[in-house]
Amino acid sequence: MYVEKKIKLVKEQKINISVPHFTRKVIAAGLAVVVLILSVMPITRQMVNVEQPQDRKVQTTEKIQEENKNLKAAQAVNEHQVSRGHLNRNEVYLLAMVINGEAYDEPYLGKVAVGAVILNRMQSKQFPNTLYGVISQDNAFESVTNNQYQRPLTADSIKAAEDAIKGWDPTNGALYFWNPATAQSKWVWSRPITGQIGRHVFAK
């Protein structure tokens with residue numbers, strides 16, 4: 001009887017001992033997990049802080065590249081729109097008046113085209129080098145001959161004159177234009193044609 005009690009007591013002691021030992025293992029394992037999590041979190045935060053500036057840097061680089069691309073495109077356009085020189089205010093209005101007389105019913109592009117022809121003549125050795133000299137040549141422009149160029153000036157004609165002066169030439173360097181329905185000169189048809197805008201044919 002005594003021996004049985006002793007064995008029972010020993011078993012109870014083992015149980016009492018084993019429970020705290022198991023608990024210590026669980027606690028130790030839990031602490032290990034917590035330490036691991038805490039050690040990883042700063043690294044994660046550091047990675048985020050490092051990646052964000054890189055992302056911003058990439059975005060900034062892309063933005064700069066896009067701006068440079070737009071700038072080059074604008075420069076390319078400007079290369080094809082070289083100013084024709086400086087005309088004073090009265091000359092701009094005189095050019096607009098002839099445009100208005102010659103292309104009153106033409107589309108805006110046709111108005112710019114007429115202005116471009118006049119300016120092309122100023123730069124050609126075949127014609128006078130002044131605006132007044134070009135438009136005052138005998139029978140050079142019908143609207144000047146019949147005074148139709150003195151009709152009320154429109155805003156479109158003024159703007160077309162300004163665009164032509166800035167270098168816009170939709171005629172590809174034409175020196176002549178005419179309306180095929182009314183043109184009587186056979187000579188003009190011998191000129192190299194550069195295109196037609198509205199009712200006007202343009203040629204060099």
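This tour moves through a predicted model, from a helix to a sheet and then to the aromatic side chains.

**Helix 3**

Select residues 108-123, which make up helix 3. At 1.5 Å a residue, its 16 residues should span 22 Å, and the end C-alpha atoms lie 23 Å apart, in agreement with that expectation. Colouring this helix by accessibility shows that it is mostly covered, with 13 of the 16 residues buried.

**The sheet**

Next, display the three strands that form an open sheet in the order 1-3-2, with antiparallel pairing. Strand 1 (176-178) and strand 2 (193-197) stand at the edges; each has a single partner strand, so one side of each is left without a neighbour in the sheet. From one strand to the next, the twist averages 20°.

Now restrict the view to strand 1 and strand 3 (residues 200-203), which are joined in the antiparallel sense over three bridges. Select Phe-177 and look across to strand 3: its bridge partner there is Phe-202.

**Aromatic pairs**

Show the aromatic side chains. Across the whole structure, a search finds six aromatic pairs. One of them is already in view: the ring centres of Phe-177 and Phe-202 are 5.9 Å apart and the planes meet at 35°, so this pair is tilted, as it falls between the stacked limit of 30 degrees and the edge-to-face limit of 60. The two residues connect distant parts of the chain, with Phe-177 in strand 1 and Phe-202 in strand 3, 25 residues apart. Phe-177 has 15% relative accessibility and therefore counts as buried; Phe-202, at 1%, also counts as buried.

Move along to Trp-178 and Trp-189. Their ring centres lie 5.2 Å apart with the planes at 75°, so the pair is edge-to-face. This contact also links distant parts of the chain: Trp-178 belongs to strand 1, while Trp-189 lies in the loop between strand 1 and strand 2, eleven residues apart. Are these two residues buried or exposed? Trp-178 is buried, with a relative accessible area of 6%, whereas Trp-189 is partly exposed, with a value of 43%.

**Cluster and charge**

Select Phe-127, Tyr-176 and Trp-187 together; these residues form one aromatic cluster. For the last stop, centre the view on Tyr-104. Which residue lies over the face of Tyr-104? Arg-151 does, at 4.4 Å from the ring centre.

Notes
Residues numbered from 1 in each chain as written. Predicted model: local features only at pLDDT ≥ 70, side-chain atom pairs only at ≥ 80, totals over all residues. Heavy atoms only, no water. Helix = DSSP H or I, 4+ residues; strand = E, 2+ residues; numbered from the N terminus. Expected span 1.5 Å × (residues − 1). Buried < 20%, exposed > 50% of the residue type's maximum accessible area, 1.4 Å probe, protein only. Pairing = 2+ DSSP bridges. Axes fitted to C-alpha atoms, helices over the stretch in contact; angles between N-to-C directions. Phe/Tyr/Trp six-rings, centres within 6.5 Å; stacked < 30°, edge-to-face > 60°. Lys NZ or Arg CZ within 6 Å of the ring centre and 35° of its normal.
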